[in-house]
Amino acid sequence: MQAASPPPTRKGAPWQTGLTLDGQPFDPDGSCDRLAEVEHPAGATNLDQPTPDTVVLDWTFDIRREQATITMPGDDEGQYLLSIPYWNPAAAAGTTVTQTVDYYATHRVEWTKAPLDDWVAVSFDDFYPKDRDSADILIPLGDCDELCPVS
C-alpha cells in the first residue's frame, strides 16, 4: 500500500481533472460533504505514479484468513473519492450488500512523514502499472482527532 500527498497527477494534469459535481468541475478546496455525488468522465484514466518526495506511506502487509461479514457501502461512504469508476456491489443508489469474506483485517498505520496537502491518494498497487484495473482512493484529510499522535 502506498499513499501520496498531494495526490499524483492524472496524465500530467491535476488529479481532479475531469471530475465533476453538479456538472461543474470538482473543486477539492471546496466542501467535502457531497463526495458521493462526484462523477467521473467517460474513459477516465488512473493517477500517475507519485514523485518520491510526495510518498507519505509505503507499507506491505499480510491479510490472514479470517472470516468476517461486511456491509457495502460501509460507514465511510461519502468520505472519499475513487480515482476512476470502479465496480460496486451496491451499485443501485440507496442499497446495501452484506457479504461474508474469507480474508479480513483492520490496521491503523502512521504516515512515514506528514502529508503535504489536504488530500492523500492511497493505492493498493503502488500506483503501478499505469494501466492498472484497480482504482486508487482519494481522501480529504480533516482535522486531527483522538487517533492523532500526541507530540
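User: What area does the protein chain expose, and what share of it do carbon and sulfur atoms supply?
Analyst: In this predicted model, the protein chain exposes about 10,000 Å², of which carbon and sulfur atoms supply 50%. Accessible areas come from the Shrake-Rupley method with a 1.4 Å probe, and for residues only the protein chains shown count as cover. Residues are numbered from 1 along each chain as its sequence is written, and side-chain values use heavy atoms, with hydrogens and water left out. Local features need pLDDT of at least 70 and side-chain atom pairs count only at pLDDT 80 or more, while totals for chains, interfaces and linings use all residues.

User: What makes the protein chain as compact as a globular protein of its length?
Analyst: Its radius of gyration is 16 Å, close to the 15 Å that the globule rule gives for 151 residues, so the chain is as compact as a globular protein of that length. The radius is taken over C-alpha atoms, and the rule is 2.2 Å times the number of residues to the power 0.38. Along its principal axes the C-alpha trace spans about 40 × 40 × 35 Å.

User: How many helices and strands are there in the protein chain?
Analyst: There are 0 helices and 9 strands; helices (H or I, at least four residues) and strands (E, at least two) are DSSP runs, numbered from the N terminus.

User: Why is the pair of Phe26 and Trp119 called edge-to-face?
Analyst: The ring centres are 6.0 Å apart and the planes stand at 90 degrees. Rings of Phe, Tyr and Trp (its six-membered ring) pair if their centres lie within 6.5 Å; planes under 30 degrees apart count as stacked, over 60 as edge-to-face and the rest as tilted. The pair of Phe26 and Trp119 is therefore edge-to-face. Phe26 lies in the loop between β3 (24-25) and β4 (55-58) and Trp119 in strand β8 (residues 119-123), 93 residues apart.

User: Why are Phe26 and Trp119 called buried?
Analyst: Buried means under 20% relative accessible area, exposed over 50%, and partly exposed in between (1.4 Å probe, protein chains only). Phe26 has 6% relative accessibility and so counts as buried, and Trp119, at 2%, is buried as well.

User: What makes the pair of Trp59 and Phe61 stacked?
Analyst: The planes of Trp59 and Phe61 are 20 degrees apart, with 4.6 Å centre to centre, and the pair is stacked. Trp59 is partly exposed because its relative accessible area is 25%, and Phe61 counts as partly exposed at 25%.

User: Which residues do ring pairs link into a cluster?
Analyst: The cluster consists of Trp15, Phe26 and Trp119.
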